[in-house]
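Reader: I am in my first year and still learning how to read a protein structure. Could you take me carefully through one part of this one, the place where its domains meet?

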Amino acid sequence: MHQDLTPFANRLLKNHRHWKKWARRRGISCYRIYDRDIPEFPLLIDWYEGQVHIQTYLRSNIEISEPELIPILCEVLEISEPDIAFKTRRQQKGSSQYEKTGLYPRPFTVQEAGLSFEVDLHRYLDTGLFLDHRITRSLVRDKSEGRRLLNLFAYTGSFSVYAAAGGAEGSVTVDLSNTYQDWSRRNFQLNQMDESRHLLVREDVFKYLHLAKKNKERFDLIMLDPPSFSNSKRMRDTLDVQRDHPKLLEGCVQLLNPGGEIIFSNNLRKFRIDPTIGEHGEEITSKTIPEDFKRHKVHHCWLFKA
Ligand SMILES: C[S@@+](CC[C@H](N)C(=O)[O-])C[C@H]1O[C@@H](n2cnc3c(N)ncnc32)[C@H](O)[C@@H]1O
């Protein structure tokens, strides 16, 4: 049965106008414009400088067909069909989240806080820049002057680029994937950053933490933003953030300089921090979720100080 799409089109138009004004006032050019606002249309729609990333969930029993939606998106958002990337997400566990979509790469550069980042709305399920961490990235930049950053599960290195922009003395960016480490390198290059001070390490985080402890590495700021689950072939074990966060945080604490800080975040909806760990930190989620993501608690974030 076909749904009447008029309520969706009306809401999308209202949102588009609202968030456009909101974003312009703040100098933001990539932001969320629709976040499951109407339950019958459980979509996520993000605006990346005139291109649109739209996600629907397979688990939802409501089927919204792409051919029906595309003309509405084009008309309401005043864009054309090639500017739209339509993704269907399954409820996933593990590395399949990072699989290619099978579509051709279409990278382009967007701006955030005066910095440049490569994004690709088509090639993978994720785009290269998680917009819900816009404020967390600024926090990292503001805490980086003269400090050494460790960025774990770094993905495309955006936290490291912000740290470099904030005057970090150096950084180590750790991720298991060559694809994403190359992407991080390109993000450093896009911002003309001195790569000799910003090291990229392709390694399993658990293994890196072990080696860094052995080598007596020390950092002033650690960004720990693991995926909820991971079972990459390159890892010895699986990763489950609910199960493994105490071990990860313990590994980080051992690498901190006096006065050092850890920012820990994750996107597991039902995440509960281990109470014996939580009491040593401050939950800062309400400060790190941007206004355009406030409808749903998209991540959890804590700050720990040594
Ligand atoms: C959800 S992303 C992290 C988001 C990132 N911190 C950001 O905000 O841009 C997950 C990343 O973790 C990496 N990854 C997953 N398991 C890993 C492991 N055991 N060691 C290192 N990297 C891992 C993936 O390759 C992927 O780039």
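Author: Before turning to that part, it helps to look at the whole chain, which is a predicted model whose secondary structure comes to nine helices and 15 strands. The radius of gyration of the protein chain is 20 Å, close to the 19 Å that the globule rule gives for 306 residues, so the chain is as compact as a globular protein of that length. Along its principal axes, the C-alpha trace spans about 60 × 40 × 35 Å, and buried residues make up 36% of the 306 residues. Among the contacts with a separation of 6 or more, 60% join residues that are 24 or more positions apart.

Now to the part you asked about. The chain is divided into domain 1, covering residues 6-91, and domain 2, covering residues 108-305, and the C-alpha centres of these two domains lie 27 Å apart. Where they touch, 15 residues come from domain 1 and 14 residues from domain 2.

If you follow the domain 1 side of this contact, you will find that strand S1 (30-35), strand S2 (43-48), strand S3 (51-57) and strand S4 (84-89) each supply at least two of its residues, while S1 gives the most, with four residues. Sorted by class, this side of domain 1 has five nonpolar, three polar and seven charged residues.

For a second surrounding to set beside that one, consider the ligand, which has 21 residues around it, the closest being Phe153, Tyr155, Leu176, Asp225 and Ser230. The shell around the ligand divides into twelve nonpolar, six polar and three charged residues.

Definitions and conventions
Residues are numbered from 1 along each chain as its sequence is written. This is a predicted model: local features need pLDDT of at least 70, side-chain atom pairs count only at pLDDT 80 or more; totals for chains, interfaces and linings use all residues. The radius of gyration is taken over C-alpha atoms; the globule rule is 2.2 Å times the number of residues to the power 0.38. A residue is buried if 20 or more other C-beta atoms lie within 10 Å of its own, exposed if 12 or fewer, and partly exposed in between; C-beta atoms are placed from the backbone. Two residues are in contact if their C-beta atoms, placed from the backbone, lie within 7 Å. A residue is near a molecule or strand if its C-beta atom, placed from the backbone, lies within 6 Å of it. Ala, Val, Leu, Ile, Met, Phe, Trp, Tyr, Cys and Pro count as nonpolar, Asp, Glu, Lys and Arg as charged, and the others, Gly among them, as polar. Domain bounds come from an automatic or database domain assignment.
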